[in-house]
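These are my notebook entries on a structure that I examined for the first time. I record here what I looked up, entry by entry.

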Amino acid sequence: MPTSPTPLAQLPIRQLTSADLLACADLSENRGWLREEHKWGLLLTAGTGYGIDDPDGPGLAACSVVTSYGPGLAAIGMVLVAERYARQGVGRRLMQHVLAEAGDTPLTLYATANGQPLYEQLGFTETSRAEMVCGRFTFTAPAPDVPVRPATAGDLPAVLRLDHEVFGLDRTPLIARLPAFADHLRVAEEDGEITGFAAAWPNMDTHVIGPLIARDPGTAKALIASLAAVTDRPLRTDIDVRHSSLLSWVKENGIDTIITTSVMIRSLPDLPGDWRRRFAPLTVAAG
């Protein structure tokens, strides 16, 4: 295997563009992740990607994406280092660059058990945990009888208001992309008021549910069931472990845990907004 003439610690870091989508997908595949090209397309247009070019050939040695919600918070995701450069300080170097670029902006991320020690060393603390679940929805356990319907263009202002209230920050640039990004967007409505919304977007052979914002667990269940009814793909989502009743319900319906991750934050005691109504993120890289 050729060796790099340039020390890894000195390799330049550059901003990624949509032209790097396939290289990012290749790097995902290199580390045993799904290619997730549809997701990369969103992240590289709605967020800021950072990458280190492979010094020994085409492609990337490392990458990550930051999705900003203004000065109040930014989400870090898709931190990947090519297998040949693993455990050589490349991930730390990339993260230190991202932290420097963020300045005083608080940061959040989802960490696997392997990545969590590095993030703790960089000042992140765990605020909660999340279970990634996946499977074919069986409709074994019924959902509450909460009215759910397809979203329309006229619902967008109400969806944005609800998201701002629950998420705690304005993420209009991201949520406004949902109608084009997702295959299905549903709203829960009672007495003329939108009490929740959820999207299902295509990711390889699954539909990922997220974001999922709802007034209560019953509304969240109704939204999931509505989305499950319009797809023949397995469903995948990430649910905060504090939503134990929702987790139990999805598992009764054939959606089982794949991995548990740590939700971490830096420079804030906790995430803004109301976690009780925030059931699933848009993606683990975008919050």
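**Entry 1: Arg35.** I began with the burial of Arg35 in this predicted model. Arg35 has a relative accessible area of 17%, and because buried means under 20%, I entered Arg35 as buried. I then located Arg35 in the loop between helix H1 (21–30) and helix H2 (37–46).

I next asked which residues Arg35 touches, leaving aside those up to four places away in sequence. I found Leu22, Ala25, Asp26, Ser28, Glu29, Trp40 and Met204. For polar contacts, I noted that the side chain of Arg35 meets the side chain of Asp26 at 2.7 Å. I also noted a polar contact of 3.0 Å between the side chains of Arg35 and Glu37. Finally, I looked up the separation of Arg35 from Val241, which lies 206 residues apart from Arg35 along the chain, and found 27 Å between the C-alpha atoms.

**Entry 2: backbone geometry.** I kept in mind that most residues other than glycine have a negative phi, and that most peptide bonds are trans. Against this I listed three places.

- I found Glu36 with a positive phi, near 50°. Glu36 is in the loop between H1 and H2, and I entered Glu36 as buried because its relative accessibility is 5%.
- I found Phe139 with a positive phi of about 60°, although Phe139 is not a glycine. Phe139 sits in the loop between S6 and strand S7 (148–150), and with a relative accessible area of 43% I entered Phe139 as partly exposed.
- I found the peptide bond from Gly210 to Pro211 to be cis, with omega near 0°. Pro211 belongs to strand S10.

**Entry 3: the largest pocket.** I turned to empty space, since rolling a probe the size of a water molecule over the atoms shows where such space is left. The largest pocket holds about 1,200 Å³ of space. I counted 37 lining residues, and those closest to the centre of the pocket are Trp33, Val79, Leu80, Thr112 and Tyr119.

Which element gives the most to this lining? I found that S4 does, with 6 residues. The elements that each supply at least two residues of the lining include strand S4 (74–81), helix H3 (90–102), helix H4 (116–121) and strand S12 (256–266). By class, I recorded 20 nonpolar, 10 polar and 7 charged residues in the lining of the largest pocket.

**Entry 4: the cavities.** I asked how many cavities of 30 Å³ or more there are. The count is 3.

I recorded a volume of about 280 Å³ for the largest cavity. Of its 24 lining residues, Tyr110, Val263, Leu271, Arg278 and Pro281 are the closest to the centre. S5, S6, S11 and strand S13 (278–280) give two or more residues to the lining of the largest cavity. I noted 16 nonpolar, 3 polar and 5 charged residues in that lining.

For the second largest cavity I recorded a volume of about 60 Å³. Among the residues lining the second largest cavity I noted Lys39, Trp201, Arg236, Asp238 and Pro281. Strand S10 (206–214) and S11 each supply at least two of its lining residues. I entered the classes of this lining as 7 nonpolar, 1 polar and 3 charged.

Note on methods:
Residues numbered from 1 in each chain as written. Predicted model: local features only at pLDDT ≥ 70, side-chain atom pairs only at ≥ 80, totals over all residues. Heavy atoms only, no water. 1 Å grid on protein atoms, 1.4 Å probe; cavity = no way out; pocket = protein on both sides within 12 Å on 5 of 7 lines; lining within 4 Å. Points joined across faces, edges and corners; volume = space filled by probe spheres on them. Helix = DSSP H or I, 4+ residues; strand = E, 2+ residues; numbered from the N terminus. Nonpolar A, V, L, I, M, F, W, Y, C, P; charged D, E, K, R; others polar. Buried < 20%, exposed > 50% of the residue type's maximum accessible area, 1.4 Å probe, protein only. Contact = heavy atoms within 4.5 Å. Polar contact = N/O pair within 3.5 Å; in protein donor to acceptor, adjacent residues only side chain to side chain.
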